[in-house]
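User: Please take a close look at one part of this chain: its aromatic rings. How many aromatic pairs are there?

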Amino acid sequence: MEQQLSPIFTNMSALVLLGTIAASLFFLSIGLRETKNQFIEGVLYYGMSLFFAAIHFLYLFNIPADTSWAADVANIDFWGWTVSMFVPALITTLLLRGLIDLAGNQLQPGLYRLFFGTTLLCFVYLLGANWPTDSKAIIAAFYGFTWLDMEQTFY
């Protein structure tokens with residue numbers, strides 16, 4: 001697990017890429033909640049989510065060549081992007097949002113988010129460390145759809 005996660009947390013380009021995709025996921029979840037409650041502000045949050053996703057992909061395709069992360073993302077495909085960038089952002093979003101829900105006395109949504117965040121972490125980086133990339137990406141897709149369903153169910 002350390003060999004997989006250490007390049008992410010020791011490189012600033014990786015942190016920028018993960019931060020922008022995590023911000024996009026966060027604003028997408030707020031947008032889903034606001035439009036479900038029929039507030040027009042949900043459209044603003046969708047726009048912010050789109051902005052952070054656009055910044056993510058612009059930086060991904062124009063990453064500085066002198067960084068060590070540039071060699072890793074030079075020939076990245078969809079499955080590789082899902083495992084190397086989407087999964088850590090989804091794990092971070094689930095865990096932080098779960099802790100915030102627990103701090104705000106929302107026990108059930110907080111525990112669900114913490115459970116799904118920690119199980120995704122275990123499936124991708126502990127149990128599935130030697131699994132093929134596409135298998136990890138399919139698991140991440142299922143967790144992503146579960147995350148979208150949780151955002152619509154709880155609020």
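Analyst: The radius of gyration is taken over C-alpha atoms, and the rule for a globule is 2.2 Å times the number of residues to the power 0.38. For 155 residues that rule puts a compact globule near 15 Å; the chain has 16 Å, which agrees. This is a predicted model, in which local features need pLDDT of at least 70 and side-chain atom pairs count only at pLDDT 80 or more, while totals for chains, interfaces and linings use all residues. Residues are numbered from 1 along each chain as its sequence is written, and side-chain values use heavy atoms, with hydrogens and water left out.

The frame comes before the rings. The chain has 7 helices and 0 strands; these are DSSP runs numbered from the N terminus, with helices being H or I of at least four residues and strands being E of at least two.

Now the rings. Rings of Phe, Tyr and Trp (its six-membered ring) pair if their centres lie within 6.5 Å; planes under 30 degrees apart are stacked, over 60 edge-to-face, and the rest tilted. By this rule there are 12 aromatic pairs. One of them joins F115 and F116: the ring centres are 5.3 Å apart and the planes stand at 75 degrees, so the pair is edge-to-face. Ring pairs also link F57, F61, F78, W79, W81 and F86 into a cluster.

Burial is judged by relative accessible area (buried under 20%, exposed over 50%, partly exposed in between, with a 1.4 Å probe and protein chains only). F115 is partly exposed because its relative accessibility is 47%. Y125, in helix α6 (residues 107-127), has 5% and therefore counts as buried.

Two members of the cluster, F78 and W79, return on the surface: with I138 and F142 they form a nonpolar patch of about 450 Å² of accessible area together. Such areas come from the Shrake-Rupley method with a 1.4 Å probe, and for residues only the protein chains shown count as cover. Patch members have over 30% relative accessible area and no salt bridge; nonpolar side chains (Val, Leu, Ile, Met, Phe, Trp, Tyr) are joined within 5 Å, like charges within 9 Å. A salt bridge is a side-chain nitrogen of Lys or Arg within 4 Å of a carboxyl oxygen of Asp or Glu. Helices α5 (78-103) and α7 (133-154) each supply at least two residues of the patch. F142 sits in α7 and is exposed because its relative accessibility is 56%.
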